[in-house]
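Trainee: Please take one part of this model and go through it closely. I would like the charged pairs along a helix, and then how that part sits in the rest of the fold.

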Amino acid sequence: MSPDDLKHKITIRVTECLRIVESKTGQSFELPEIRLNLKGYQAGQAIPGHWLLRFNAPMAKQDPERFVHEVSAHEVAHLITYRVWQTLDHGRDFKKVMNWLNVDANRCHNFESQPSRKIRRYEYFCSCSNHSISSIRHNRISKGQVYQCLKCGDVLLPIYTKKM
């Protein structure tokens, strides 16, 4: 399925979900902006303050019909629960909206996912052991941030390997 086809199907499903919710709440809701630019482990993301829905197009390729049906409804439910009840969780109001949309109120998806980027690891040590530090922490240490071992309290120092 092409990105344009996916966006079209998601738009149709989001519109359908909004009409169902409108009939239940008596309120009207405009179509949110829809983007297919989400990466990583999330299938979808609702950003209520911008009335925006983001979707993971590569993940949708695994099972496009199920993705469109379930993930679109899930994200619409987040927008609606925030707009109507000012809640962002997967609680009672979220479950109510998901019930209206006839979709299971699961908190997590079960699509295969890939990290959006690979985090490089760096080796550091203290007096009690070696530590594998992410590139994010390594860069902070390079700029003067200090990290201590949680066991012995020593400052973590880099292990430099000599190249011969």
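Mentor: Start with Glu 22, which counts as buried at 17% relative accessibility. The cut-off for buried is under 20%, so Glu 22 falls on the buried side of it. Keep in mind that this is a predicted model. The side chain of Glu 22 meets that of Arg 19 in a salt bridge, at 2.8 Å from N to O. Both residues lie in helix H1, three residues apart, about one turn of the helix. Arg 19 is partly exposed, with a relative accessible area of 41%. So the acid of this pair is buried, whereas the base is partly exposed.

Now go to Arg 13 and Glu 16. Their side chains also meet in a salt bridge, at 2.3 Å from N to O. Again the two residues lie in helix H1, three residues apart, about one turn of the helix. Here Arg 13 is buried, with a relative accessible area of 6%. Glu 16 counts as partly exposed at 40% relative accessibility. In this pair, then, the base is buried and the acid is partly exposed. As a general point, side chains of opposite charge can pair when their charged atoms come close.

A search of the whole structure finds eight salt bridges. One of them joins Asp 63 to Arg 66, the closest N and O atoms being 3.2 Å apart. Asp 63 is partly exposed, at 29% relative accessible area. Arg 66 is partly exposed too, at 25%. Glu 70 belongs with them: Asp 63, Arg 66 and Glu 70 are linked in a network of salt bridges.

Next, the nonpolar side of the picture. The largest nonpolar core has 30 residues, and Ile 10, Phe 67 and Ile 80 touch the most other members. Helix H1, residues 3–25, supplies at least two residues of this core. So do strand E3 (52–55), helix H2 (57–60), helix H3 (64–85) and helix H4 (92–100). H3 gives the largest share, nine residues. In general, nonpolar side chains tend to be buried together in soluble globular proteins.

Look at Ile 10 by itself. Leaving out residues up to four places away in sequence, Ile 10 touches Ile 34, Leu 36, Phe 55, Phe 67, Val 68 and Ser 72. A second core is separate and has seven residues, among them Tyr 124, Cys 126, Ile 133 and Leu 156.

That leads to the strands. E5, E4 and E6 form an open sheet in that order, with antiparallel pairing. E5 and E6 stand at the edges with a single partner strand each, so one side of each has no neighbour in the sheet. E4 covers residues 121–125 and E5 covers residues 130–134. Five bridges join these antiparallel strands. A hairpin of four residues connects E4 to E5. Phe 125 stands opposite Asn 130 in E5. Arg 121 faces Ser 134 in E5 in the pairing. As a rule, side chains in a regular strand alternate between the two faces of the sheet.

Phe 125 also belongs to the surface. With Val 146, Val 155, Leu 157 and Ile 159, Phe 125 makes a nonpolar surface patch of about 390 Å². Val 146 sits in the loop between helix H5 (135–142) and strand E6 (157–158). Val 146 is exposed, at 51% relative accessible area. The cut-off for exposed is over 50%, so Val 146 passes it.

Finally, check two backbone angles. Gln 86 has a positive phi of about 55°, although it is not a glycine. Gln 86 is placed in the loop between H3 and H4, and counts as exposed at 55% relative accessibility. Asn 102 is another residue other than glycine with a positive phi, near 60°. Asn 102 lies in the loop between H4 and E4. At 67% relative accessibility, Asn 102 counts as exposed.

Back to the starting point. Helix H1 holds the pair of Glu 22 and Arg 19 and the pair of Arg 13 and Glu 16. Helix H1 also supplies residues of the largest nonpolar core.

Note on methods. Residues are numbered from 1 along each chain as its sequence is written. This is a predicted model: local features need pLDDT of at least 70, side-chain atom pairs count only at pLDDT 80 or more; totals for chains, interfaces and linings use all residues. Side-chain values use heavy atoms; hydrogens and water are left out. Patches are made of residues with over 30% relative accessible area and no salt bridge: like charges are joined within 9 Å, nonpolar side chains (Val, Leu, Ile, Met, Phe, Trp, Tyr) within 5 Å. Accessible areas come from the Shrake-Rupley method with a 1.4 Å probe; for residues, only the protein chains shown count as cover. A salt bridge is a side-chain nitrogen of Lys or Arg within 4 Å of a carboxyl oxygen of Asp or Glu. Buried means under 20% relative accessible area, exposed over 50%, partly exposed in between (1.4 Å probe, protein chains only). Two strands pair if DSSP finds at least two bridges between them. A nonpolar core is a set of buried Ala, Val, Leu, Ile, Met, Phe, Trp, Tyr and Cys residues joined through side-chain atoms within 4.5 Å. Contact means heavy atoms within 4.5 Å.
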